[in-house]
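This report describes the fold, the core and a few selected residues of one protein chain. Please consult the sequence and the coordinates while reading.

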Amino acid sequence: MSAFAATFRRDLALMWGGGGGALAPLGFFLGATMLVPLAMGPERNLLAAAGPPLVWIAAALAVLATLERLFQADLEDGSLDHMLLSPAPLEMIVLAKGAALWVAVGMPLALASAPAAIALQAPPELVPAIVLSLLLGMAAFIGIGLVGAAVTAGVKRGGVLIALIVLPFFAPPIIFGSAVAGGEHVGAALSVLAGFALAALALGPVAAAAALRLQAE
């Protein structure tokens, strides 16, 4: 089994087996989006105008909560040392961890955006585009988040520091994702999101691997 496949399977098992760890961000996302209609009142036009883009805010915060332990747990149990000593490229191992996070957390969040968007009065014909945009956006968030998680791997309670590092880079996907949720220039916005996702997945593992090597020195 390749290092990529072994790391992917290990992390996927840990995320789903570690006390339902992957369910916590999903529960946060659904809870946040389902409470918005209660907070905004019975005015359907207001909810239809402001509600669907909130799906993106809730998704960004949900995935942000998963980043703190991504490399910190490997540092504490010694797995990070094995990764650094592995003959396989560290960038590939980091990419495998990101892929596992996307499958365990990113994809369920994107699929859960369908009922959330409907609850927020999104037009039904826009729901497939919102789900597709979240699939791309989750890949972008995780690619960026790998860097923040790697930089703060040795920092206790580094959640706030991760937020300070990655949230500015979350802004472009949120802007274009909100455009999709609002039904504005959907095709162009999806193309930009695909570009962000590819760039984040190409550069994120490289930058994260470099940060992990620096911490090991």
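The text below goes from the whole chain to its core, then to aromatic pairs, one helix and three single residues.

**Overall fold**

The model is predicted. The chain contains nine helices and zero strands, and along the sequence its pattern reads α-α-α-α-α-α-α-α-α. The C-alpha trace spans about 60 × 35 × 35 Å along its principal axes. The radius of gyration is 18 Å; a compact globule with 217 residues would have a value near 17 Å, so the chain agrees with that expectation.

Of the 217 residues in the chain, 44% are buried. The accessible surface comes to about 10,000 Å², and carbon and sulfur atoms account for 73% of that surface. Contacts between residues at least 6 apart in sequence are mostly long-range, as 79% of them join residues at least 24 apart.

**The nonpolar core**

In soluble globular proteins, nonpolar side chains tend to be buried together. Here the largest nonpolar core has 62 residues. Those with the most contacts inside this core are Phe29, Phe71, Val94, Leu134, Phe141, Phe170 and Leu212. At least two core residues come from each of α2 (23-40), α3 (44-64), α4 (69-77), α5 (79-85), α6 (90-119), α7 (127-151), α8 (159-181) and α9 (186-216). Helix α6 gives the largest share, 12 residues.

What does Leu212 touch, leaving out residues up to four places away in sequence? The partners of Leu212 are Phe71, Leu80, Leu84, Leu90, Val94, Ala150 and Ala153. Two of these partners, Phe71 and Val94, are also listed with Leu212 among the residues that have the most contacts inside the core.

**Aromatic pairs**

A pair of aromatic rings is described by the distance of the centres and the angle of the planes. A search of the whole structure finds three aromatic pairs. One of them is formed by Trp56 and Phe141, with ring centres 5.8 Å apart and planes at 75°. Edge-to-face applies to planes over 60 degrees apart, so the Trp56 and Phe141 pair is edge-to-face. This pair links distant parts of the chain, since Trp56 is in helix α3 and Phe141 in helix α7, 85 residues apart. Trp56 counts as buried at 0% relative accessibility, and Phe141 counts as buried at 1%. Ring pairs also bring in Phe170, which forms a cluster with Trp56 and Phe141.

**Helix α4 and its surroundings**

Which residues of α4 are buried? They are Leu70, Phe71, Gln72 and Asp74. These buried residues pack against α1 (3-17), α5, α6, α7 and α9. Just after α4, Gly78 takes a positive phi of about 85°.

**Three single residues**

The table gives the place and the relative accessibility of three residues.

| Residue | Place | Relative accessibility |
|---|---|---|
| Thr66 | loop between α3 and α4 | 16% |
| Leu95 | helix α6 | 30% |
| Leu120 | loop between α6 and α7 | 0% |

Is Thr66 buried or exposed? Buried means under 20% relative accessible area, so Thr66, with 16%, is buried. A polar atom of the Thr66 side chain lies 2.6 Å from the backbone oxygen of Val63. Not counting residues up to four places away in sequence, Thr66 touches Pro25, Leu101 and Val105.

Leu95 is partly exposed, because its relative accessibility is 30%. Beyond its neighbours within four places in sequence, Leu95 is in contact with Phe4, Leu201 and Pro205. The C-alpha atoms of Leu95 and Ala50 are separated by 35 Å, with the two positions 45 residues apart along the chain.

Leu120 is buried, with a relative accessible area of 0%. With residues up to four places away in sequence left out, Leu120 touches Thr33, Val36, Pro37, Leu47, Ala48, Gly51, Pro52 and Val55. Leu120 and Glu217 are 97 residues apart in sequence and 49 Å apart in space, C-alpha to C-alpha.

Note on methods: Residues are numbered from 1 along each chain as its sequence is written. This is a predicted model: local features need pLDDT of at least 70, side-chain atom pairs count only at pLDDT 80 or more; totals for chains, interfaces and linings use all residues. Side-chain values use heavy atoms; hydrogens and water are left out. A nonpolar core is a set of buried Ala, Val, Leu, Ile, Met, Phe, Trp, Tyr and Cys residues joined through side-chain atoms within 4.5 Å. Buried means under 20% relative accessible area, exposed over 50%, partly exposed in between (1.4 Å probe, protein chains only). Helices (H or I, at least four residues) and strands (E, at least two) are DSSP runs, numbered from the N terminus. Contact means heavy atoms within 4.5 Å. Rings of Phe, Tyr and Trp (its six-membered ring) pair if their centres lie within 6.5 Å; planes under 30 degrees apart count as stacked, over 60 as edge-to-face and the rest as tilted. The radius of gyration is taken over C-alpha atoms; the globule rule is 2.2 Å times the number of residues to the power 0.38. Accessible areas come from the Shrake-Rupley method with a 1.4 Å probe; for residues, only the protein chains shown count as cover. A polar contact is a pair of N or O atoms within 3.5 Å; within protein, one must be able to donate a hydrogen and the other to accept it, and residues adjacent in sequence count only if both atoms are side-chain atoms.
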